[in-house]
Amino acid sequence: MQLSPLLLALLVLVATAQASPVTRSLTQDEQLQQARDQAAAQVQAAVPMTPEMQAFLDKYKNTQIPADMTPTASNQLVSSKKPASSAPSLWGSAPSRPTVSTQGVSLMNTFARYSAAAYCVNLFNLADWTCGANCQGGTAGTNDVTSIWKEPSAFKSLMAVNTNLKVIVVSFRGSLEPQNFVADIRLNLVDGPSRLPNLPSGAKVHAGFWDTWAVGKSEVVSYVKSARSRYPTFKVYVTGHSLGGAMAVLAALDLRRTLSIPDSQLAVYTYGEPRVGNPTFASYVSNQSFEISRFVHEDDVVPHIPLRSWGYAHHRGENYEINSKVYQCTTTGSNEADDCSNSRVPTINIVSHLMAMDVVFGPWC
Ligand SMILES: *[C@@H]1O[C@H](CO)[C@@H](O)[C@H](O)[C@H]1NC(C)=O
């Protein structure tokens with residue numbers, strides 16, 4: 001059999017391309033730059049960009065993770081390494097785990113919209129529930145909207161009732177300043193039980209996250225108390241993105257205790273949540289029977305800080321989005337899944353923190 005010269009040339013070309021994968025020649029810095037560019041392209045493709053959104057995105061894109069905060073395989077204590085056969089990958093690979101059901105993804109999408117709506121700076125649009133995409137889709141049917149904004153602290157919360165879904169929603173805003181957020185996260189762990197009496201001794205929480213929650217706690221408690229008296233069968237969903245996700249975990253524990261909410265009527269849905277406390281705290285949270293979804297979008301850095309080597313751990317409930325699919329990363333206690341978002345360490349970036357599914361977090365509405 002005789003090969004045509006054209007086919008032969010093509011074969012040679014394919015063989016050469018396979019022998020020298022481009023990623024092998026990239027430095028770590030170049031890989032991180034590529035990860036940021038790809039993440040930014042993903043955000044740009046997801047929503048129609050206004051100049052305001054572009055400026056916000058650029059700010060995120062130019063925020064560097066300080067070297068001593070950059071998670072690496074060793075300071076994260078990730079026990080199982082990536083398979084040796086795979087070249088360094090920007091996008092990682094899907095875990096061999098079940099995906100979340102369509103109904104489950106739809107609920108995660110709804111609470112991502114509530115978490116994103118908490119960033120809205122136009123309180124009139126929130127009151128009327130006309131804040132654009134985040135006020136549509138699964139969040140339609142929202143009423144009784146109340147916003148609490150406590151300047152200069154980072155406390156901002158959106159509370160509402162959704163009579164379609166039959167839920168009471170408490171949503172916390174994250175930080176608008178990624179550079180400050182990354183710096184603030186250095187604060188220390190402080191005693192848990194003196195702040196949240198149900199916590200076991202030895203449990204510690206991040207001082208900054210707790211202090212931020214404490215600023216607006218009484219207003220949130222009174223809203224939920226009143227909403228529950230009007231809608232006693234509605235489940236309470238506490239949600240938030242980034243710092244807001246950390247506050248959601250603390251708020252859920254505090255609301256549960258203060259208002260005696262049964263675990264079957266309580267759920268926590270977070271997005272890009274940083275680690276909130278030490279392994280004893282994480283284990284306690286994991287042991288509770290209320291529903292927890294801790295959503296991680298692709299190679300977002302924030303779920304990897306504060307570092308595990310600083311004494312922090314995640315609670316259960318990771319739902320990991322990769323290539324537009326969401327995987328259930330079930331764990332127990334303070335064990336973290338190594339084959340889900342942790343497998344993306346160390347090529348992670350801040351831009352990916354801005355998204356969950358088709359929802360983009362930022363101050364537009
Ligand atoms: C969580 O439950 C496990 C298994 O029952 C137990 O060993 C662990 O001590 C519990 N964690 C906390 C903080 O209570």
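**Close-up views of the predicted model**

**View 1. Contacts of alanine 251 within the nonpolar core.** In this predicted model, alanine 251 touches Val170, Trp213, Val220 and Val238, when residues up to four places away in sequence are left out of the count. Ala251 is also named, together with Ala117 and Leu250, among the residues that have the most contacts inside the largest nonpolar core, a set of 91 residues. Helix α8, which covers residues 243–259, supplies the largest share of this core, namely 10 residues.

**View 2. Helix α4, its span and its buried residues.** Helix α4 runs over residues 102–117 and has 16 residues, which at 1.5 Å a residue should span 22 Å, and the end C-alpha atoms lie 23 Å apart, so the expected span and the model agree. The buried residues of α4 are Met108, Thr110, Phe111, Ala112, Arg113, Tyr114, Ser115, Ala116 and Ala117; Ala117 is also one of the residues with the most contacts inside the largest nonpolar core.

**View 3. The surroundings of the ligand.** Around the ligand are found Pro200, Thr280, Ser283, Tyr284, Asn287 and Gly333. Sorted by class, this shell holds 2 nonpolar and 4 polar residues, while charged residues are absent from it.

**View 4. The protein as the setting for the close-ups.** The secondary structure of the protein consists of 9 helices and 12 strands, and buried residues account for 43% of its 365 residues. Of the contacts between residues at least 6 apart in sequence, 76% join residues that are at least 24 apart.

How values were computed:
Residues are numbered from 1 along each chain as its sequence is written. This is a predicted model: local features need pLDDT of at least 70, side-chain atom pairs count only at pLDDT 80 or more; totals for chains, interfaces and linings use all residues. A residue is near a molecule or strand if its C-beta atom, placed from the backbone, lies within 6 Å of it. Ala, Val, Leu, Ile, Met, Phe, Trp, Tyr, Cys and Pro count as nonpolar, Asp, Glu, Lys and Arg as charged, and the others, Gly among them, as polar. A nonpolar core is a set of buried Ala, Val, Leu, Ile, Met, Phe, Trp, Tyr and Cys residues joined through C-beta atoms within 7 Å. A residue is buried if 20 or more other C-beta atoms lie within 10 Å of its own, exposed if 12 or fewer, and partly exposed in between; C-beta atoms are placed from the backbone. Helices (H or I, at least four residues) and strands (E, at least two) are DSSP runs, numbered from the N terminus. Two residues are in contact if their C-beta atoms, placed from the backbone, lie within 7 Å. The expected span of a helix is 1.5 Å times one less than its number of residues.
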